[in-house]
There are 2 protein chains.
Amino acid sequence: MRELVLAARPRGVPQATDFELREAAERAPGDGELLVRNVYVSVDPYMRSRMTGVRTYVDGYELGQPVDGGAVGRVVTSGDPGFREGDWVLSRLGWRDGGIVRAASARRLDPDVAPPSTALGVLGMPGLTAWVGLVDIGRVEAGETIYVSGAAGAVGSAAAQIAKLKGLHVIGSAGTPEKVEWLRSLGIEAFDYRETEAAEALADGIDVYFDNVGGAQLEASLAALRPFGRVVACGAISRYNDERAEPGPRNLFLMVTKRLRLQGFIVSDHDDRYRDFLAEVAPWVRDGSLRYRETIVEGLERAPEAFAGLFRGDNVGKMLVRVGPD
Amino acid sequence: MRELVLAARPRGVPQATDFELREAAERAPGDGELLVRNVYVSVDPYMRSRMTGVRTYVDGYELGQPVDGGAVGRVVTSGDPGFREGDWVLSRLGWRDGGIVRAASARRLDPDVAPPSTALGVLGMPGLTAWVGLVDIGRVEAGETIYVSGAAGAVGSAAAQIAKLKGLHVIGSAGTPEKVEWLRSLGIEAFDYRETEAAEALADGIDVYFDNVGGAQLEASLAALRPFGRVVACGAISRYNDERAEPGPRNLFLMVTKRLRLQGFIVSDHDDRYRDFLAEVAPWVRDGSLRYRETIVEGLERAPEAFAGLFRGDNVGKMLVRVGPD
């Protein structure tokens, strides 16, 4: 089994040469362990900051160590009575062909309930991020208007649709005509931020801004927010590859005059909300009222390329790397 | 009786020529009205934004109209059974020698309980601002560390001391050695922001930042805040005279990684908290555990000068203009 290790700390957009594919030692699982082969491994924007080596809310990746992260795969050999060969599992194995997982840290997935890949997307971390951001951080209410940037991404497309299902008027932005088309087909009022100024698209005002991108979209949203508006500060993908810190919004003082609340959050603080999230959102996914898309890149060796693609906006919906057959 | 009217919209720091002193028409009070002569009139930083003519949370001042605002004075003639000649009252008469006040909008002050001027400061709008900012917006808790910028001002000196009385460790900044000395005499860990970098003064970390000044102090505070920290966005006196919008903090994205909450507020939304505020704070003022200072400029004609002085930091504590004898 192979694994990708961090070979150099990326400067700007990550390059293929920042990673190295190597053979990993193999062993049989011990008691309470599983040997898993991965089918899908996840690339997510938050991984970029772990590559800088600066401790933030998660430990940075060490040079020469495997890039861990979300992965979905199947049990090859089980050393735990709770799992059987062939079971689908969600683990933190990351950018590898597979490896040893502690059974206590694995989650078994039922492929009859939802496609296993959704455990990395709409029913996994990105979906929970969207739901917690709306419900617990933004405290959105039916009838409000919300703007979601990066609305065709994994988190954004879930946030935009969940907001709509909760009775909000939803405006979403994305960076290609194809993405805008998809969002419109979902009933989202969508615009291409490369073609249309956010100030224009948001001219009628918003109550909540779900921020996935930062930068100019945040500044435009501060201007468009109504009194007592909220900013759900989820991510800033436009900024993750900045080599130096760029200035913040020139109109931040509007948070005083408009009594705005800007609040950042990290989904891993909210794992206790997973059941509530699933209870509300899984039925919507099953009955088709909440749609999801996946952009799948084939081959473990292409994980760095898929990852870099997140920052170019190559993905529609969730970006995944397929590393093996079902 | 004279009044000051807005003669021109200030550009940058307000100048004497932006205002004009003129004679006001006089009349006797009708039913439910009071004729009041002012003793103290208030100059407050929030008045600066009203002078730009842009509607924010309060209407802008009209050109050629008197500059209204807080004032404390005495009843000359009462047309209301609830007030007698000689009563001390708080009104919104603003920068005038006096005038007609609706009795329903006046608050009678008992000079035996507290000096009437405190109704414009520690027991008035600035004190309520400090208390609401700490209690309702910052939700401060004993044992936390708070940084208060502009800590020798009317709001800041109340916020710093109330925080200390509530069991917080308090760091405060001000812009002269005299102010720093005063703050230290109150038990505040104070520094002169002209001499010491905030990054250095806050190196041990803070839980809450009570922002009165914006700009560099906000950026340094974002860097110093601990996870789940809060910014009480109260004012930005360093920025009110900017002729163009300056960039915001370069490190605003820390609100995500540290899960910060930044929240703006306007005290007039919280008038319903006045009784609770007074119940907690007035006893501290009476028994001397909460100190206040006033910087008093003599003469209505000097109100513009006193006002401009706020932005130079001329005041220690509350800046007042005395326009008549007690």
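## A phenylalanine with an odd backbone angle

A:F228 sits in strand β12 of chain A, the stretch covering residues 225-233. In this predicted model, A:F228 shows a positive phi of about 65 degrees, even though it isn't a glycine. How buried or exposed is A:F228? It has 13 C-beta neighbours inside 10 Å, so it counts as partly exposed.

Chain B has a residue of this kind to look at too. B:R139 is not a glycine, yet it takes a positive phi of about 45 degrees. You'll find B:R139 in the loop between α2 (125-137) and β8 (145-148) of chain B. With 13 other C-beta atoms within 10 Å, B:R139 is partly exposed.

## How the two chains meet

Now for the pair of chains. Turn chain B by 180 degrees, shift it 0.0 Å along the axis, and it lands on chain A with an RMSD of 0.0 Å. The two copies are thus related as by a two-fold rotation axis. Which residue of chain B comes closest to that axis? That's B:G248, whose C-alpha is 2.0 Å away from it.

Across the interface, 30 residues of chain B are in contact with 30 residues of chain A. On the chain B side, α7 (254-257) and β13 (261-264) each supply at least two of the residues that touch chain A. β13(B) gives the most, with 4 residues. Sorted by class, that side of chain B has 15 nonpolar, 8 polar and 7 charged residues. And 100% of the interface residues of chain B are also interface residues in chain A, so the copies meet through the same surface.

The β13 strands also pair up across the two chains. Strand β13 of chain A (residues 261-264) and β13(B) are joined by 3 bridges and run antiparallel. For a spot to zoom in on, look at A:Q263, which stands opposite B:R261 in β13(B).

## Two domains in chain A

The domain assignment splits chain A into domain 1, made of 2-120 + 293-322, and domain 2, which is 125-268. Taken over C-alpha atoms, the centres of these two domains of chain A are 28 Å apart. Where they touch, 15 residues of domain 1 are in contact with 17 residues of domain 2. The domain 1 side of that contact has 5 nonpolar, 6 polar and 4 charged residues.

## A strand covered on both faces

Over in chain B, have a look at strand β5 (residues 88-91). In a regular strand, side chains alternate between the two faces of the sheet. Which residues of β5(B) lie on each side? B:W88 and B:L90 are on one, B:V89 and B:S91 are on the other, and all of them are buried, so both faces are covered.

Strand β5(B) has partners as well. It pairs with strand β4 (residues 71-78) of chain B in the antiparallel sense, over 4 bridges. Another 3 bridges join β5(B) to strand β7 (residues 107-109) of chain B, and these two strands also run antiparallel. B:W88 shows up in both pairings: B:W88 is the bridge partner of B:R74, and B:W88 stands opposite B:L109 in β7(B).

## Helix α9 and what it packs on

Helix α9 of chain B spans residues 303-312, and its buried residues are B:A303, B:P304, B:A306, B:F307 and B:L310. Why do they line one face of the helix? Seen down the axis of α9(B), the buried residues fall within an arc of 165 degrees, so they end up on one face. As background, an α-helix has 3.6 residues a turn, so residues three or four places apart point the same way.

The buried residues of α9(B) pack against several elements of chain B, including β1 (2-6), β2 (19-23), β3 (33-42) and α1 (47-50). β14 (294-298) and β15 (318-322) of chain B are also among the elements they pack against. Just after α9(B), B:G313 takes a positive phi of about 75 degrees.

## A buried methionine in chain A

To finish, switch to chain A and find A:M319 in strand β15 (residues 318-322). A:M319 counts as buried because it has 24 other C-beta atoms within 10 Å. Leaving aside neighbours within four places in sequence, A:M319 is in contact with A:V43, A:T295, A:A306, A:G309 and A:L310. A:D272 is 47 residues away from A:M319 along the chain, and their C-alpha atoms are separated by 25 Å.

Conventions:
Residues are numbered from 1 along each chain as its sequence is written. Chains are lettered from A and ligands numbered from 1 in the order in which they are written. This is a predicted model: local features need pLDDT of at least 70, side-chain atom pairs count only at pLDDT 80 or more; totals for chains, interfaces and linings use all residues. Copies are superposed by least squares on the C-alpha atoms of residues with pLDDT of at least 70 in both. Two residues are in contact if their C-beta atoms, placed from the backbone, lie within 7 Å. Domain bounds come from an automatic or database domain assignment. Ala, Val, Leu, Ile, Met, Phe, Trp, Tyr, Cys and Pro count as nonpolar, Asp, Glu, Lys and Arg as charged, and the others, Gly among them, as polar. A residue is buried if 20 or more other C-beta atoms lie within 10 Å of its own, exposed if 12 or fewer, and partly exposed in between; C-beta atoms are placed from the backbone. The arc is that of the directions from the helix axis to the C-beta atoms. Two strands pair if DSSP finds at least two bridges between them.
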